[in-house]
Amino acid sequence: MGGLLDGRVCVVTGANSGIGLASVVRLAQAGAQVVLVCRSPERGTAALASIAEQVPGAQASLALADLRSLTQVRRLAGELARLPRLDVLVNNAGTRFGAYEATPDGHESTFALNHLAPFLLTNLLAPALRASAPARVIAIGSSTHRRASIAFDDLMPRAGYDESRAYDQSKLADALFTNELARRWAGTGVTALCVDPGAVDTGIGRSGGPAFQARWAQRAGSLRAPEQAARTLVWAASAPELEGRGGLYLEEMAVSEAAPQALDEAVARRLWEVSERLTGLG
């Protein structure tokens, strides 16, 4: 097996299905050693079997963690830090919750899984990523960030919980995190990128409340296949022309532009500081 990513180690969270699994398959086809981070051991094992079937000789392994728990994120980071190198970290895990759910740490689950977990995991893995430079950190964006804002005065409300607001805010947070990470890690050899895969036929259609599930079902004929959406993510992980161009927002195998609120440096700095406190880094 030979490819553009020969000898590279790529970690992908939420890798047992959807865009995550499709991306892992493509990364393995490009020669990478892949580590699948999954919550369920059964689904993770099934994903490994699928990779072995599609990519004979693939180097793939499984790491288990429920990323809604900051304790488990820290444990996972400790395990991943023992890898011989870490060239690409893909923070793919994410979903939306139809009703308010608190994490073991007392945070709202959508914001915790979609933003706080990748924020903490990325920062804990900073030494490993920098030691493997040139390396990349990839966040999964969404066009829904364009209608969001960061509600610092009520970031994770229990009362009046709105699943769309929670999800959209978390995706804006990921775009802001990518830009702030690019600024803070400039010169380290680690490139931070945000990939918007578009509307994809994944398990997110079974998440959320009944109204969201019904709307998603109506879009079934127009949704992209995970394999198609994974192309841009793998391009972000491997393309030489993206090296050192931190903070880019990528769509459809091209550089795009995030919404103005995702480019606000003052908001990005404040969100970073709040995230540090919420995750215990600050």
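Here is a walk through this predicted model, from its overall build to a few local details.

Let's start with the whole chain. Its secondary structure comes to nine helices and eight strands. The radius of gyration is 17 Å, close to the 19 Å that the globule rule gives for 282 residues, so the chain is as compact as a globular protein of that length. If you box in the C-alpha atoms along the principal axes, you get roughly 55 × 45 × 35 Å. Buried residues account for 55% of the 282. The contacts reach a long way along the sequence, too: take those between residues at least 6 apart, and 76% of them join residues at least 24 apart.

Now to the interior. In soluble globular proteins, nonpolar side chains tend to be buried together. Here, the largest nonpolar core has 37 residues, and the members that touch the most others are L67, L76, L121, L125 and L129. Quite a list of elements gives two or more residues to this core: the strands β1, β2, β5 (135-140) and β6 (190-196), along with the helices α3, α4, α5 (126-131) and α6 (163-184). There is also a second, separate core of 34 residues, with L5, A32, V90 and V195 among its members.

Zoom in on L67 and you can see what being well connected looks like. Leaving aside residues up to four places away in sequence, L67 touches T13, V73, L76, A93, A112, L113 and A117. Two of those names, V73 and L76, come back in helix α3, which spans residues 70-80 and has L70, V73, L76, A77 and L80 buried. Look down the axis of α3 and these buried residues fall within an arc of 115°, so they line one face of the helix. What does that set of buried residues pack against? The partners are the strands β1 (9-13), β2 (33-38) and β3 (60-64), plus the helices α4 (109-124) and α9 (265-279).

Helix α4 is worth a stop of its own, and H115 is a good place to stand, since this residue is found in α4. Is H115 buried or exposed? It is buried, with a relative accessible area of just 1%. Beyond residues up to four places away in sequence, H115 touches T110, S170, A173, D174, F177, L271 and S275.

One of those contacts of H115, F177, leads us to the aromatic rings. The structure holds four aromatic pairs. Y100 and Y161 make an edge-to-face one, at 6.1 Å centre to centre with 85° between the planes. This pair bridges distant parts of the chain: Y100 sits in the loop between β4 (88-91) and α4, Y161 in the loop between β5 and α6, and the two are 61 residues apart. Although both sit in loops, Y100 counts as buried at 18% relative accessibility, and Y161 counts as buried at 18% as well; the cut-off for buried is under 20%.

F119 and F177 form another pair. Their ring centres are 5.3 Å apart and the planes meet at 55°, so the pair is tilted. This one also links distant parts of the chain, with F119 in helix α4 and F177 in helix α6, 58 residues apart. F119 counts as buried at 1% relative accessibility, and F177 does so at 5%. Ring pairs also bring in W272, linking F119, F177 and W272 into a cluster. Elsewhere, a charged residue meets a ring: R130 lies over the face of W185, at 4.7 Å from the ring centre.

To finish, a few backbone oddities. A133 and P134 are joined by a cis peptide bond, with omega at about 5°. P134 has its place in the loop between α5 and β5. Then there is the loop between β7 (248-251) and β8 (254-256), where you find E252. Phi of E252 is near 50°, a positive value in a residue other than glycine. M253 belongs to the loop between β7 and β8 too, and has a positive phi of about 60° although it is not a glycine. With a relative accessible area of 30%, M253 is partly exposed.

How values were computed. Residues are numbered from 1 along each chain as its sequence is written. This is a predicted model: local features need pLDDT of at least 70, side-chain atom pairs count only at pLDDT 80 or more; totals for chains, interfaces and linings use all residues. Side-chain values use heavy atoms; hydrogens and water are left out. Buried means under 20% relative accessible area, exposed over 50%, partly exposed in between (1.4 Å probe, protein chains only). Helices (H or I, at least four residues) and strands (E, at least two) are DSSP runs, numbered from the N terminus. The arc is that of the directions from the helix axis to the C-beta atoms. Contact means heavy atoms within 4.5 Å. A nonpolar core is a set of buried Ala, Val, Leu, Ile, Met, Phe, Trp, Tyr and Cys residues joined through side-chain atoms within 4.5 Å. Rings of Phe, Tyr and Trp (its six-membered ring) pair if their centres lie within 6.5 Å; planes under 30 degrees apart count as stacked, over 60 as edge-to-face and the rest as tilted. A charge sits over a ring if NZ of Lys or CZ of Arg is within 6 Å of the ring centre and within 35 degrees of the ring normal. The radius of gyration is taken over C-alpha atoms; the globule rule is 2.2 Å times the number of residues to the power 0.38.
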